[in-house]
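Work through the following exercises with the sequence and the model open side by side. Each task is followed by a solution that goes step by step.

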Amino acid sequence: MEALIAISIGVLTACGVYLALRGRTFPVVLGLTFLSYAVNLFLFSMGRLSIGQPPVIRAAATAYADPVPQALVLTAIVIGFAMTAFVIVLALKARAELGNDHVDGVEQP
Amino acid sequence: MSHLAIAPLLLPLLVGILLLFMRHLDIRVRRTVSVAAVFGQIGLALLLAGALSSGDILVYKLGNWAAPFGIVLVADALAAWMLLVTALLALFALLYACQGGDTQGRHFHVLFQLQLFGLNGAFLTGDLFNLFVFFEVLLLASYGLILHGGGRARVRAGLHYVVLNLAGSALFLIAVGTLYGVFGTLNMADLAVKVAATPAQEQGLARAAGLLLFTVFALKAALLPLYLWLPAAYANTSAPVAALFAIMTKVGVYSIIRVYSLVFGAEAGPLAHLIAPWLLPLALATLLVGMLGVLAATGLRQQATYLVVASVGSLLTAFALDSGAGIAASLYYLPHSTFAAAALFLLADVIASQRGKHADSFEPGPAMARAVLLGGLFFVTAIQVVGLPPLSGFLGKFLLLRAALEHPAAAGVMAVVLLGGLLGMIALARSGSLLFFRSMPLAEGESPPPAAPIAVALIPVVGLLLLGLAMTVFAGPLQVHVTNIAEQLSRPYLYVHAVLGGRI
């Protein structure tokens, strides 16, 4: 499971970085979204991976999952959503103001 | 438990929400509420500084959960100093905006208060994750503010600013996540204890996380090579926003000072002085590159943005000297450079309003109606910014150079700082003579630019310059104060003990 999670995070990050370096706003927004997915998964896995463990105190439990990264990742997801929504609106605004969707506002041949 | 430590957070947050409900009321009512709130914040910052004057550290446990399990706000001398600087700067930026700039877009005052909420939170928070959260709060407000008024250039520069900061936030989370993975805590005091006892097999990971965090803060502080976003973003936004943003790079500087004196400072065992090999060369290079930008600028606002970059270089040079005197010098230089840069941004806007289509660009234009007044103010501001005697810029630079004397690389530091000062002086002298002396007669059929009334617009500029003057007059007591702050920073166990109590 560790390898699978690690590979997923790696692939998401690679896609995110590649797309974020593109010249048009739509791939850039997608790239930032991928990056934030990768970061959220990474943050979640920093509490160590465990299956079927309760995160809060329970009498019968022998081991626990770390609840803190779950709380952190929830916050990060909410903030990431808000930021993505904002950057989409901004990209549309830039498209309207600049007349094209290139990040520098200049249509490249 | 005193509630004073959380008051600087609640006031701008509640006033910001209140202003949202007041959006249909007359603009004068909203202005009054906003300005009153900023006065309140100045009062709170002074109260807090007074309460901490004996060297105490106020710890506010949210929900009364003990650290490191709960979230804490920590008000120490450094945080109170930053709060005061922010509130004073905000007052003058807001007074300038109230002369009409705030009606060019929607919700200026709401965003302004939320920006202050984010700034104050970043200074007061005691754990890294909430530092991230408050960074996001202040960034989201700043995205709104930087686009305030709209227009092509502003939207394009704003898009770059937003995308870059989103990438920075992703890096911040990776660094925070790694630190949590290694140490199992994000409370800065608890981290300081645990970092000092890092087991050998975890050192590489912890080092990587610490340096990644430095990259993020360097991006916020506009340290070379991550400063490229700043000139475009600040030169294209509206003047009061640019003036307020003079404190934004200082948030990055504050974070560097806080984290790398507390968590990865001298007492961090195997990870002590984590960024020392990087900080001094990068800071000196930032100073030089910033000053080259000042020389090459084609307009006054652009020149001011590069002066902000150069001032970050000076500040971090002083911190990188890694001595009490160095930190004290950077803490004296910080408010000085903030107020001076803000004054220059506001003054550039007034000058631009007097020059018609030439705006603030360095090209000969028609003589300004109030050239003597504006030129005189520009002269004072330039002296202040560059650091010539007798104003506070000179004292800041003097403290920096005196602190550098004891450093092994003293010669290099002095050479770069003095060369930077010289370049800045040449550049500003050239700008002044281009703007004020080399005026052209009006072309045939061209009407003179409308002589807008400027007396009221200049009040915030004069106010900021007077703050600089006050910093000069009261340089003695202020120097004692910043030395005390530096003293507190050099003993991180005080902070750790205040937060964790007997739990160490």
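**Exercise 1. Locate B:His107 and state its backbone and burial.**

B:His107 sits in the loop between α3 (77-97) and α4 (108-124) of chain B, where helices are DSSP runs of H or I with at least four residues, numbered from the N terminus. The model is predicted, and local features need pLDDT of at least 70, side-chain atom pairs count only at pLDDT 80 or more, and totals for chains, interfaces and linings use all residues. Residues are numbered from 1 along each chain as its sequence is written, while chains are lettered from A and ligands numbered from 1 in the order in which they are written. Turning to the backbone, B:His107 has a positive phi of about 60 degrees although it is not a glycine. As for burial, B:His107 counts as partly exposed because it has 17 C-beta neighbours inside 10 Å; with C-beta atoms placed from the backbone, 20 or more others within 10 Å make a residue buried, 12 or fewer make it exposed, and counts in between make it partly exposed.

**Exercise 2. Describe the backbone features in the loop between α8 and α9 of chain B, and find a second cis peptide bond.**

Begin with B:Ala222, which lies in the loop between α8 and α9 of chain B and has a positive phi near 60 degrees, in a residue other than glycine. B:Ala222 is buried, because 26 other C-beta atoms lie within 10 Å. Next, B:Pro225 also belongs to the loop between α8 (203-221) and α9 of chain B, and a cis peptide bond with omega of about -5 degrees joins B:Leu224 to B:Pro225. The second cis bond links B:Pro389 and B:Pro390, with omega of about 10 degrees, and B:Pro390 is found in the loop between α15 (371-386) and α16 (392-404) of chain B.

**Exercise 3. Compare the span of α6(B) with expectation, and assess how enclosed the helix is.**

The expected span is 1.5 Å times one less than the number of residues. For the 32 residues of α6 (residues 152-183) of chain B this gives 46 Å, and the end C-alpha atoms are 46 Å apart, so the two agree. Of these 32 residues, 27 are buried, so α6(B) is largely enclosed by the rest of the structure. Just after α6(B), B:Gly184 takes a positive phi of about 70 degrees.

**Exercise 4. Characterise α12(B) and its packing against α17(B).**

Helix α12 (residues 276-296) of chain B has 21 residues and reaches 31 Å from its first C-alpha to its last, close to the 30 Å expected. Its buried residues include B:Leu279, B:Ala283, B:Gly290 and B:Gly293, and what covers the buried residues includes α9 (229-236), α13 (300-320) and α17 (410-437) of chain B.

For the packing itself, the axes of α12(B) and α17(B) come within 9 Å and cross at roughly 15 degrees, the axes being lines fitted to C-alpha atoms over the stretch in contact, with angles from 0 to 180 degrees between N-to-C directions. The two helices α12(B) and α17(B) are therefore roughly parallel, since angles under 35 degrees count as roughly parallel, over 145 as roughly antiparallel, 65 to 115 as roughly perpendicular and the rest as oblique. The crossing of α12(B) and α17(B) is left-handed, meaning that the near helix is turned anticlockwise from the far one by less than a right angle.

Residues making the contact (C-beta atoms, placed from the backbone, within 7 Å) include B:Leu284, B:Leu287 and B:Met291 of α12(B) and B:Val413, B:Gly420 and B:Leu423 of α17(B). By class, the contact of α12(B) with α17(B) has 12 nonpolar, two polar and no charged residues, where Ala, Val, Leu, Ile, Met, Phe, Trp, Tyr, Cys and Pro count as nonpolar, Asp, Glu, Lys and Arg as charged, and the others, Gly among them, as polar.

**Exercise 5. Apply the packing analysis to α14(B) and α15(B).**

The axes of helix α14 (residues 324-354) of chain B and α15(B) come within 10 Å and cross at roughly 155 degrees, and α14(B) and α15(B) are therefore roughly antiparallel. The crossing is left-handed, and among the residues in contact are B:Ala340, B:Leu347 and B:Gln354 of α14(B) and B:Leu374, B:Phe378 and B:Gln384 of α15(B). This contact of α14(B) with α15(B) divides into 10 nonpolar, three polar and no charged residues.

Definitions and conventions. Contact = placed C-beta atoms within 7 Å.
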